[in-house]
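Biologist: I should like to learn how to read the architecture of a protein model in order. Could we begin with the overall form and proceed to the packing of individual elements?

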Amino acid sequence: MRNRIIFFSGGKASFAAADWVKKNHPDDNIVLYFTDTLWENPDLYRFNDEASDKLQLPLLVHSSGLNPMQLMFEKKLVFNSMIGDCSKILKMKVSKDFLKKGIKPAAESWRNQEYLRDEDFTTDAVLYFGIGFDEMHREGAIRKNWQPFQVEMPLIDHNIWKDEVLKEYDIKQPVLYDYGFSHNNCNGRCVKAGQGHYKLLKTQMPDVFQQIMEQEHHLKICVSAYRYIMDDKVPEDERIPDDVREQMLQELDDAYRDYFYDRAKRPKTYIHPAGSAVQKYMQIKQYAFMKRDSKPLPIRDLRDEVDNDGQIDLFDIGGCGCFVDAM
Ligand code: SF4
């Protein structure tokens, strides 16, 4: 009996891959494996649960305990398409630590664990990814990342129609596809996404758009203040003394921690330390998820462009590189 692990993302492609594995290796020890960013659309969890129930396969869920926004707050970084580790830390690292070193993350849960045929489901496992022809460019990086595991991509190697497989099981596709998103990731608010993607988010999920716009704004102020407090390029005689610096960092944390960890909370009143600085250092740096012409494009500016029929690049979709980035 061979161990087979399907990287289950909550997308249609990974479901189709799981169905192929189940049909072709019915007697093996198969596990659906989902690494949760804790930032997903509620319908993704419905889809995953239904998939596990109808395929009659155990679903293992792992999570680091942080969502991408909390990770950015902890690292004092605003991720974007060029920098950022959310997929690496929340997905790649969690799964690699577990599969290669046996290290379990902060949170683990099972659904339908009774379908597990052997407790040791990782030894010499074959790993399956729901990568299709449209994502073939990801194939090489995924294979390299997961050496020495055997990696298979049934959608590339076999002619599988995702929608037909869903119909066969009478499972409704995740709602993000109904809205026109190409992936069911992070509730449509991927920090590596582009202008066209965020315009779609504004149209389809205005509440989510409004929230991520506000969060980006507060994160920008928080990260900018952190950089200012820690800035060692300031001449020594104008630099913040160490004891004051510690106190400022604590105040910064106090102002924003509850906000980034509890949706119901607002940030506390916070005065950016640059406000009392000499003129030449008195600037709040601009950080944003999106870029335009290599410059930050805050979501708020995109909103204004969209509302005023300004020009945005609808073909700039961008998005998640989860499981491609090297560790
Ligand atoms: S979908 Fe985007 S925001 Fe979510 S983990 Fe992947 S890269 Fe990060």
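Modeller: The following exchange moves from the whole chain to the sheet and then to a helix pair. Please keep in mind that this is a predicted model.

Biologist: What radius of gyration does the protein have, and what would a compact globule have?

Modeller: The protein has 22 Å, which agrees with the value near 20 Å for a compact globule of 327 residues. Along the principal axes, its C-alpha atoms fill a box of roughly 70 × 45 × 35 Å. The secondary structure comprises twelve helices and eight strands.

Biologist: How is the protein divided into domains?

Modeller: Domain 1 takes in 3–65 + 105–175, and domain 2 takes in 67–83 + 189–327. Their C-alpha centres are 33 Å apart.

Biologist: In what order do the strands of the open sheet lie, and which strands are at the edge?

Modeller: Six strands make up this open sheet, in the order E4-E3-E2-E1-E5-E6, with mixed pairing. The edges are strand E4 (107–111) and strand E6 (150–152), each of which pairs on one side only. On average, neighbouring strands are turned by 25° against each other, direction ignored.

Biologist: In which sense do E1 and E5 pair?

Modeller: Strand E1 (residues 3–7) and strand E5 (residues 126–128) pair in the parallel sense, over three bridges. Within this region, Ile6 stands opposite Tyr128 in E5.

Biologist: Which strands does helix H1 touch as it packs on the sheet?

Modeller: Helix H1 (residues 12–24) touches E1, strand E2 (29–35) and E5, and its direction makes about 165° with that of E1. Helix H2 (residues 42–55) lies across E2, strand E3 (59–63) and E4, and runs at about 175° to E2.

Biologist: How should one read the packing of two helices?

Modeller: Two packed helices are described by the angle between their axes and by the distance between those axes. Here, the axes of helix H9 (residues 195–204) and helix H12 (residues 299–307) come within 11 Å and cross at roughly 70°. H9 is therefore roughly perpendicular to H12, given that angles of 65 to 115 degrees count as such.

Biologist: Which residues of H9 and H12 meet?

Modeller: From H9, Gln195, Tyr198, Lys199 and Lys202 meet Ile299, Leu302, Arg303 and Val306 of H12. The residues of this contact divide into four nonpolar, one polar and three charged.

Definitions and conventions
Residues are numbered from 1 along each chain as its sequence is written. This is a predicted model: local features need pLDDT of at least 70, side-chain atom pairs count only at pLDDT 80 or more; totals for chains, interfaces and linings use all residues. Axes are lines fitted to C-alpha atoms, for helices over the stretch in contact, and angles run from 0 to 180 degrees between N-to-C directions. Helices (H or I, at least four residues) and strands (E, at least two) are DSSP runs, numbered from the N terminus. Angles under 35 degrees count as roughly parallel, over 145 as roughly antiparallel, 65 to 115 as roughly perpendicular and the rest as oblique. Two residues are in contact if their C-beta atoms, placed from the backbone, lie within 7 Å. Ala, Val, Leu, Ile, Met, Phe, Trp, Tyr, Cys and Pro count as nonpolar, Asp, Glu, Lys and Arg as charged, and the others, Gly among them, as polar. Domain bounds come from an automatic or database domain assignment. Two strands pair if DSSP finds at least two bridges between them. The radius of gyration is taken over C-alpha atoms; the globule rule is 2.2 Å times the number of residues to the power 0.38.
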